[in-house]
Amino acid sequence: MKELTKIQKKIKAPKDQTNSFGSRAFSYRTVEGILAAVKEHLDDNCGLTLTSETKEVCGIPYVEATARFTNGSKFKVCTAQAGIPLTKKGGGDLSQLWGSA
């Protein structure tokens, strides 16, 4: 799909957010930032949808993220998973553990 290849070459989605938890600062990008960067390169026929869902297998939770790109007649779907640690060295509350995934 030529449209997706062109967008991938042109897109700039910098890690413009910072989380300074503990002794280190971590840079990251947000879904909103990624979508804003992609929208600049979409024409009227193209679209991108990003979704995430929390799932569980054998008592182990994980987040599954899906990106769906369409050019109006064809589409590509990509899915990725990230495990959610229930314990973490150095502690942290559950929201921090989820955020680390």
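1. A residue is called buried under 20% relative accessible area, exposed over 50% and partly exposed in between, with a 1.4 Å probe and protein chains only. On this scale, 13% of the 101 residues in the protein chain are buried.

2. The model is a predicted one, in which local features require pLDDT of at least 70 and side-chain atom pairs count only at pLDDT 80 or more, while totals for chains, interfaces and linings use all residues. Numbering starts from 1 along each chain as its sequence is written, and side-chain values rest on heavy atoms, with hydrogens and water left out.

3. The protein chain holds three helices and five strands, where helices (H or I, at least four residues) and strands (E, at least two) are DSSP runs numbered from the N terminus. Read from the N terminus, the order of elements is α-β-β-α-β-β-β-α.

4. The exposed surface of the protein chain is about 7700 Å², of which carbon and sulfur atoms supply 52%. Accessible areas were obtained by the Shrake-Rupley method with a 1.4 Å probe; for residues, only the protein chains shown count as cover. Contacts (heavy atoms within 4.5 Å) can be sorted by separation: among those in the protein chain between residues at least 6 apart in sequence, 26% join residues at least 24 apart.

5. The count of salt bridges comes to one, the criterion being a side-chain nitrogen of Lys or Arg within 4 Å of a carboxyl oxygen of Asp or Glu. The partners are Lys-55 and Glu-64, whose closest N and O atoms are 2.9 Å apart. Lys-55 is partly exposed at 27% relative accessibility, whereas Glu-64 is buried at 16%.

6. Glu-64 belongs to strand S4. Its side chain and that of Lys-55 are also joined by a polar contact of 2.9 Å. A polar contact is a pair of N or O atoms within 3.5 Å; within protein, one must be able to donate a hydrogen and the other to accept it, and residues adjacent in sequence count only if both atoms are side-chain atoms. Neighbours within four places in sequence aside, Glu-64 is in contact with Thr-51, Ser-52, Glu-53, Lys-55, Thr-79, Ala-80 and Gln-81.

7. Ala-65 is likewise found in strand S4; with a relative accessible area of 36%, Ala-65 is partly exposed. Ala-65 and Glu-53 are 12 residues apart in sequence, and their C-alpha atoms lie 6.5 Å apart in space. Beyond four places in sequence, the contacts of Ala-65 are Thr-51, Ser-52, Cys-78, Thr-79 and Ala-80.

8. Asn-71 occupies the loop between strand S4 (60–70) and strand S5 (75–83). Despite this loop position, Asn-71 is buried, its relative accessible area being 13%. The Asn-71 side chain reaches two backbone nitrogens further along the loop: that of Ser-73 at 3.0 Å and that of Lys-74 at 2.8 Å. With neighbours within four places in sequence left aside, Asn-71 is in contact with Met-1, Glu-3, Asn-45 and Cys-46.

9. Cys-58 sits in the loop between strand S3 (47–57) and S4. The phi angle of Cys-58 is near 55°, a positive value in a residue other than glycine. Cys-58 is exposed, with a relative accessible area of 77%.

10. Lys-12 lies in the loop between helix H1 (2–10) and strand S1 (17–19) and is exposed at 65% relative accessibility. The C-alpha atom of Lys-12 is separated by 6.3 Å from that of Ala-37, a residue 25 places away along the chain.

11. On aromatic rings, the count of aromatic pairs is zero. Rings of Phe, Tyr and Trp (its six-membered ring) pair if their centres lie within 6.5 Å; planes under 30 degrees apart count as stacked, over 60 as edge-to-face and the rest as tilted. The charged end of Arg-68, however, sits over the ring of Phe-75, 4.1 Å from the ring centre. For such an arrangement, NZ of Lys or CZ of Arg must be within 6 Å of the ring centre and within 35 degrees of the ring normal.
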